[in-house]
Amino acid sequence: MRVVVIGGGVAGAAAALALRRTGADVTVYEAHADPAGDVGSFVSLASNGLRGLDALGCLEPIRDAGVDVPRQRMWSAGGRLLGDVPRGRRSSDTLHSVTLMRGRLVGALRAAATRAGARITTRETLTAVTETADGVTAEFASGHRDTADLLVAADGIWSTVRGILDPATPTPEYAGLYAISGVSSSIDGDTGVFNMTFARNGAFIHVTAPNGEVWWSAQIADPTEPDRRGVTDAEWLRRTADLYRAEAMPSTVIAATTHLHPPVIMHAVDPVPTWHTGRIVLVGDAAHPVGAGQGASMAIEDALVLARSLRDSATIGDALTRYESERRPRIVKLLGTAEDNRGAKKAGPARRRLQALAMRVFIPLVYERATAWLYAYIPPAP
Ligand SMILES: Cc1cc2nc3c(=O)[nH]c(=O)nc-3n(C[C@H](O)[C@H](O)[C@H](O)COP(=O)(O)OP(=O)(O)OC[C@H]3O[C@@H](n4cnc5c(N)ncnc54)[C@H](O)[C@@H]3O)c2cc1C
């Protein structure tokens, strides 16, 4: 079977790797050049995503490229500890959550896919898709065309293919949050802890790496989408420092900043009704930008379920139906969690006080049971 994958991010590279393991002939087309090591700030992989990487045979290089983060601590704006839980896993999981630069994750997955025999062509932007009973043809801005048995659309939250499959599909909308992220020089803090402060102007996350660097991300609540035009790094840093000036821990981290990543405007998409036709299928953020620190892990799970469905089904159409019926219930459940998480980050003073109280009472009692469905998942081997 010949497969064309559109997009070489986490979902595209993981799909290429999983499909190669089933013997498919795979070509990935990616609009941009290879990611440099530290582009795109950091992402965290939870135990479900790490098990997926293990099934794909590339857990170790990705752990080596990141930082093990066994614990997560939640803090109030005033610096009070609200909860201390295992990060992205159940306490019985021996796999610890890994945090790494997104560029390094994508680079490691692309390298593994290439070693497995996938072709990855960069600087090719898909513009059109035509599906017939015999195949599917992708057309690119360069004039290049490629025909395959299956087209896997891993082209992210702004997916072109999603709109081609269904012109009435929902489009991304500003989620009321934007992220300013950076790296700070060494401060006095525990390594291997994902700290999340529910601050007055949005959540503030920081992780101290073993080399002493602090990776931080301010997820700033703002009902109006900020205009990024002409705003310098120095100005973003000044604004961020001002928004978190009342919170001691975030202020200390921001003051020690040595490098700033470009700002990211956060978007959400209503549930996407159409995930596939007979020969075209959406994976990763193209199908379901979930957020909640699970987007990359879900993209890896998608890749494995798609490959297994193709391996075990009589026709491509049957496989895509099977893929959707297995993935959609889990994604729908996660979208509810993601909405709650965004709400918690945007809470006003009264709601923040109630949340803080609820966290202190309920986290020790129910956190592990409430999240087990997410972290205990065992993805299928391709
Ligand atoms: C601020 C922020 C923090 C996050 N933190 C986490 C986290 O901690 N943990 C986590 O798991 N997830 C996190 N996520 C989400 C995670 O980054 C995404 O869910 C994940 O990267 C999705 O991967 P993807 O491959 O589906 O999409 P993308 O990473 O967007 O990749 C899509 C690729 O397709 C290419 N492309 C697009 N259009 C075309 C075209 N027409 N032709 C060819 N190529 C095309 C793009 O260039 C891109 O390389 C975070 C997201 C944000 C915004």
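**Entry 1: a small sheet**

I started with an open sheet of three strands, ordered β3-β7-β4 and paired antiparallel. I noted β3 and β4 as the edge strands, since each pairs on one side only. I then looked up the turn from strand to strand: neighbours in this sheet sit at 30 degrees to each other on average, with direction ignored. A reminder to myself before going on: this is a predicted model.

Next I checked one pairing in detail. β4 and β7, the latter covering residues 97-101, are joined in the antiparallel sense by three bridges. Which residue of β7 stands opposite V67? I found T99 there.

I also looked for a helix against these strands. α4, residues 102-115, lies across β3 and β7 and runs at about 100 degrees to β7.

General note: strands in a sheet pair through backbone hydrogen bonds, and they can do so parallel or antiparallel.

**Entry 2: the partners of β13**

I moved on to β13, which spans residues 173-184. I went through three of its pairings.

- With β16 (residues 214-221), β13 runs antiparallel, and eight bridges join the two. Here I picked out A179, whose bridge partner in β16 is Q219.
- With β18, I found four bridges, again antiparallel. Y174 stands opposite H267 of β18.
- With β17 (residues 257-260), the pairing is antiparallel over three bridges. V183 has H259 as its bridge partner in β17.

**Entry 3: two domains**

I looked up the domain assignment of the protein chain. Domain 1 is made of 2-68 + 96-172 + 269-345, and domain 2 is 173-267. Their centres, taken over C-alpha atoms, are 28 Å apart. How many residues does each domain bring to the contact? I read off twelve from domain 1 and 18 from domain 2.

I stayed with the domain 1 side that touches domain 2. β3, β4 (67-69) and α9 (316-345) each give at least two residues to it. The largest share, three residues, is from α9. By class, I got six nonpolar, three polar and three charged residues on that side. So β3 and β4, the edge strands from my first entry, turn up here too, by the DSSP numbering of strands.

**Entry 4: around the ligand**

Then I turned to the ligand. I found 32 residues surrounding it, the closest being G7, G9, G156, G284 and G295. The elements that give two or more residues to this shell are α1 (10-21), β2 (25-30), β3 (42-45), β18 (264-268) and α8 (295-312). Which element gives the largest share? I found α8, with four residues.

I sorted the shell by class as well: 14 residues are nonpolar, 14 are polar and four are charged. Which domains does the shell draw on? Domain 1 and domain 2 each supply at least three residues.

**Entry 5: a look at A255**

Last, I picked one residue, A255. I located A255 in helix α7, which covers residues 248-255. Is A255 buried, exposed or partly exposed? I counted A255 as partly exposed because it has 14 C-beta neighbours inside 10 Å; buried would need 20 or more, and exposed 12 or fewer.

I also checked A255 against R238. The two are 17 residues apart along the chain, and their C-alpha atoms are separated by 9.5 Å.

Key
Residues numbered from 1 in each chain as written. Predicted model: local features only at pLDDT ≥ 70, side-chain atom pairs only at ≥ 80, totals over all residues. Near = placed C-beta within 6 Å. Nonpolar A, V, L, I, M, F, W, Y, C, P; charged D, E, K, R; others polar. Domains from an automatic or database assignment. Contact = placed C-beta atoms within 7 Å. Pairing = 2+ DSSP bridges. Axes fitted to C-alpha atoms, helices over the stretch in contact; angles between N-to-C directions.
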